[in-house]
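Let's take a friendly walk through the inside of a protein and look for enclosed empty spaces. Have the model open and turn it as you read.

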Amino acid sequence: MAAQALALLREVARLEAPLEELRALHSVLQAVPLNELRQQAAELRLGPLFSLLNENHREKTTLCVSILERLLQAMEPVHVARNLRVDLQRGLIHPDDSVKILTLSQIGRIVENSDAVTEILNNAELLKQIVYCIGGENLSVAKAAIKSLSRISLTQAGLEALFESNLLDDLKSVMKTNDIVRYRVYELIIEISSVSPESLNYCTTSGLVTQLLRELTGEDVLVRATCIEMVTSLAYTHHGRQYLAQEGVIDQISNIIVGADSDPFSSFYLPGTRFERLLMRIGHQSKNAPVELKIRCLDAISSLLYLPPEQQTDDLLRMTESWFSSLSRDPLELFRGISSQPFPELHCAALKVFTAIANQPWAQKLMFNSPGFVEYVVDRSVEHDKASKDAKYELVKALANSKTIAEIFGNPNYLRLRTYLSEGPYYVKPVSTTAVEGAE
C-alpha cells in the first residue's frame, strides 16, 4: 500500500491537473499504517502538494491539506523544520484557514522537539506570522497560535526569542483589532507569565500585564469577569500570587467580594443566589447564540466545571454536579447535540466540556447511562479533521486515566477506551481484502 501511495504521489507531481490522482492518493493513505509511511519518509516529495495549495481550487486544497496532514506525521519534526520552513511560512498567510491550522499543527510538533525548535526560534518572520494568526477570525487558528507561542516560552531561549523579535509590539498592534482578539492576547500573556518568574518579568515590563489588571476595575462587567478569570489562572503559580499580592490585586479582589451585596452585577463573577440563573443563560446561549459566542460559552463552561483529581472532595463534586445540572434540563444531550453541528470549532468546544467533567464519578455515571454515549466516545468515524480527532483523544484519555472508570463503565468498555488510547488519535483500521478463487 505504501508503494501505491508513492506511485500516486509521483503522478501528482507529474500532472498539471491531478484531481483524480489526489482523490485516489487520499483514499489509499487512509489504509496505510503510519509506520509504513515512516519507512518511506526519505522518498516523500511534498513540494508539488504545497504548490497545489496556491491554486484557487477548493477541493484540491481540501484534499492536499488532508494528504499533507497524514504524510507530515510520517516525517521527523527536525526534517520538517529544516526542509519545509518556506512552505510553513507561506502556510501561515494562506487565505484558507485549514491550511493555517495544518501549518500550526506542524509548528506545534516542532516546538515540542528540542532538536527542531531552534529552527523556529531563529526565524523572526515566522514568529511574527504566528502572532498575526491570533488576530484572525477563526478561533481554532488563534488557539493553535497561542498554544505554539506558549510552548515556545517554556525555555529561556524561547522566551528570549519571543521578546528579542519585538513580538510584544506586534501583540499590542494585534490586540487593537477587537475585544475578542484583546482577550486572546491577554490569554497568551497570562500563559507565558505563568511559566516562571523570568517570564512574568518580561510580560510586566511590556506593560501588557498592567493593562490587563486595569480591566479589573472597568465599567464593563463582562470584561471584568473575563479578566478576573485570567488573573485567577496566574494566581495558581507561586510567583504569580506573589506578584498579585505585591501589586494589591488580591486586596482588590477581596474588596470586590466584600462589596458584592451592593453590586447588582456581582452574580456574573461570584457564585450566589443568582448564579444558577446565570448558568441557565450560559447553557441557553451555548445552543442558540452565534457561533463565536457559542464557543466562548462552551470554553467558559469547561473552565468552570473542571476539577483536578486532588481537589475532588465530596463537597466540590456535588457543587460541579449541581452547576452542570443548572445548564439545561438535559445538559449531556445539549452538548452532544452541539457536537454534531457541522462546525469543527463547535465540535471541539463541546468535546472539551465532556473532557472537563470526564474524571468526575457523577459525570461518568451520566455518560454510561446515556444511551449510545459510550459508543459515541469510541467511534472514530465521527471526527474528520485533526483538531477534532485531537479533542476526541483528550476525552478518551481523561476517561481511561480515571481511577473510577473501570468500576462505572465496566471492564469491557474500559478496555475499549484503553485500546483507543494505545492506538493514538489518528488510527485508521486497515482494510483487509480476501482473494476469491476464480475472481478476475
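The paragraphs below visit the cavities of this structure and the residues around them.

A word before we start: this is a predicted model. How many cavities of 30 Å³ or more are there? The count comes to two, and we can visit each of them.

Begin with the largest cavity, which holds about 70 Å³ of space. To find it, look for Val131, Leu149, Leu162, Phe163, Leu167, Leu168, Leu171, Leu188 and Ile192, the residues that line it. Three helices, α12 (156-164), α13 (167-174) and α14 (179-193), each give two or more residues to this lining. Which of the elements gives the most? That is α13, with three residues. What classes of residue make up this wall? The lining of the largest cavity has nine nonpolar residues, with no polar and no charged ones.

Now move to the second largest cavity, where the space comes to about 40 Å³. Around it you will find Ala81, Arg85, Leu88, Glu119, Ile120, Asn123 and Leu126. Here the helices to look for are α7 (85-91) and α9 (117-121), each of which supplies at least two residues of the lining. This wall is a mixture by class: four of its residues are nonpolar, one is polar and two are charged.

To put the two side by side, the lining of the largest cavity has no polar or charged residues, whereas that of the second largest cavity includes one polar and two charged residues.

Technical notes
Residues are numbered from 1 along each chain as its sequence is written. This is a predicted model: local features need pLDDT of at least 70, side-chain atom pairs count only at pLDDT 80 or more; totals for chains, interfaces and linings use all residues. Side-chain values use heavy atoms; hydrogens and water are left out. On a 1 Å grid over the protein atoms alone, a cavity is a set of points where a 1.4 Å probe fits but cannot get out, and a pocket is an open set with protein on both sides within 12 Å along at least five of seven lines; lining residues have an atom within 4 Å of a point. Grid points are joined across faces, edges and corners, and a volume is the space filled by probe spheres set on the points. Helices (H or I, at least four residues) and strands (E, at least two) are DSSP runs, numbered from the N terminus. Ala, Val, Leu, Ile, Met, Phe, Trp, Tyr, Cys and Pro count as nonpolar, Asp, Glu, Lys and Arg as charged, and the others, Gly among them, as polar.
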